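Q: Please take a close look at the loops here, backbone first. Keep it chatty, and finish with some context from the rest of the chain.

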Amino acid sequence: EYLELYKKFKLKVEKAKKLRLDTLPELKEELKMYTQQVSNSYIMDKEVTEQLIREIYERQKKDISVKHVFIQMPANPTPADTFAAYNRVMKAYEEIKKGVPFGKVVSDNSDDRSNLDYSGDLGYVTAMLPDGFYEVESALYNLRVGVISRPVRSTSGYHILRVDDIRPARREMEIAQILIKKPAEKALLDQITSEIKSGADFRMLVQKYSADENTKSKDGYIGFIGINQFEKEFEDAIFNLAKDGDISHPIESRIGYHFIRRISHKEELPYSQAKEKIKALIESDGRYQYAKSKVI
């Protein structure tokens with residue numbers, strides 16, 4: 001039944017071409033509309049989505065240490081706001097080109113005062129960056145160590161980027177802890193270390209010693225932590241734990257000393273498994289429309 005319908009359809013198309021109906025302006029416009037619909041629903045969605053998923057998957061294999069000069073703009077900038085910010089960032093960029101040290105350019109020009117020493121240091125970052133920072137992310141992942149970018153715009157303003165280091169991605173570590181608040185006696189830290197070395201049950205030690213009331217009822221469980229959430233020394237000590245079940249020596253922080261137990265580490269997933277998770281992330285991200293315009 002379908003074959004008969006299909007044959008009739010093909011004969012109608014053939015006859016229409018012989019009658020030159022495909023040259024009529026109104027039909028040409030209609031065909032153009034159909035072509036656009038097909039390209040939007042199939043070619044664009046498939047090409048752009050696949051491209052973005054693969055791009056993020058590859059970028060997530062690396063952590064990038066970055067510093068920036070940041071020139072801020074209002075949430076809804078006027079052309080005048082944009083022009084003023086652009087002039088400021090170009091002035092800073094020209095100073096760098098003339099050999100002014102990057103740190104001095106940051107100190108003299110940057111609106112990012114989140115660092116105590118105004119160094120512009122953002123620590124290590126990895127894809128995906130937040131919505132509105134796709135062009136910044138792309139610039140980062142295309143820079144070599146020590147190279148300084150031209151000004152890059154985000155939804156927050158303009159950035160001049162410098163990559164200081166690129167390393168294999170640390171991803172996320174699942175941890176639990178025993179917290180000993182400051183001031184802490186060395187004898188107590190030595191006692192806990194000794195009990196850990198002798199094979200004492202970590203959960204028992206949490207109940208016996210930990211001062212973290214938020215995690216004590218959960219056997220010290222914190223959950224998964226990622227990069228750039230804590231002080232560098234603290235993060236390094238956690239990610240240096242080599243295998244599940246390893247427990248750190250006491251790690252000092254501002255509030256006290258932490259004995260960290262590694263529960264698990266998120267490894268790189270095969271692309272076939274990571275694909276759907278990444279796809280869900282990009283569906284609400286502005287990078288989709290940006291990438292679509294590039295494909296067009």
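A: A quick word on naming before the loops: helices (H or I, at least four residues) and strands (E, at least two) are DSSP runs, numbered from the N terminus. Also keep in mind that you're looking at a predicted model.

Let's start with D219. You'll find D219 in the loop that runs between helix 8 (213–216) and strand 6 (221–225). Its phi is positive, about 60°, although D219 is not a glycine. As for solvent, D219 is partly exposed, with a relative accessible area of 32%.

R171 is another one to click on. R171 is not a glycine, yet it has a positive phi of about 60°. This residue lies in the loop between strand 4 (157–168) and strand 5. R171 counts as partly exposed, at 24% relative accessible area; the cut-off for buried is under 20%.

Now follow strand 5 out the other side. The loop between strand 5 (173–181) and helix 6 (186–197) holds P183. The bond joining K182 to P183 is a cis peptide, with omega about -10°.

There's a cis bond with no proline after it, too: A127 to M128, where omega is near 5°. M128 sits in the loop between strand 2 (121–125) and helix 5 (134–140).

For a contrast with the loops, look at a helix pair. Helix 3 (residues 79–97) and helix 4 (residues 102–109) pack at an angle of about 155°, their axes 9 Å apart. Angles over 145 count as roughly antiparallel, and therefore helix 3 and helix 4 are described that way. Their crossing is right-handed. Helix 3 brings R88, K91, A92, E95 and I96 to the contact, while helix 4 brings F102, V105 and N109. Sorted by class, that contact has four nonpolar, one polar and three charged residues.

Finally, zoom out. The protein chain has eleven helices and eight strands. Its radius of gyration is 28 Å, well over the 19 Å that the globule rule gives for 296 residues, so the chain is more spread out than a compact globule. Along the principal axes, the C-alpha trace spans about 100 × 60 × 30 Å. Of the 296 residues, 39% count as buried. And if you take the contacts with a separation of 6 or more, 67% are between residues 24 or more positions apart.

Definitions and conventions. Residues numbered from 1 in each chain as written. Predicted model: local features only at pLDDT ≥ 70, side-chain atom pairs only at ≥ 80, totals over all residues. Heavy atoms only, no water. Axes fitted to C-alpha atoms, helices over the stretch in contact; angles between N-to-C directions. Parallel < 35°, antiparallel > 145°, perpendicular 65-115°, else oblique. Left-handed = near helix turned anticlockwise from the far one by under 90°. Contact = heavy atoms within 4.5 Å. Nonpolar A, V, L, I, M, F, W, Y, C, P; charged D, E, K, R; others polar. Rg over C-alpha atoms; globule rule 2.2 N^0.38 Å. Buried < 20%, exposed > 50% of the residue type's maximum accessible area, 1.4 Å probe, protein only.
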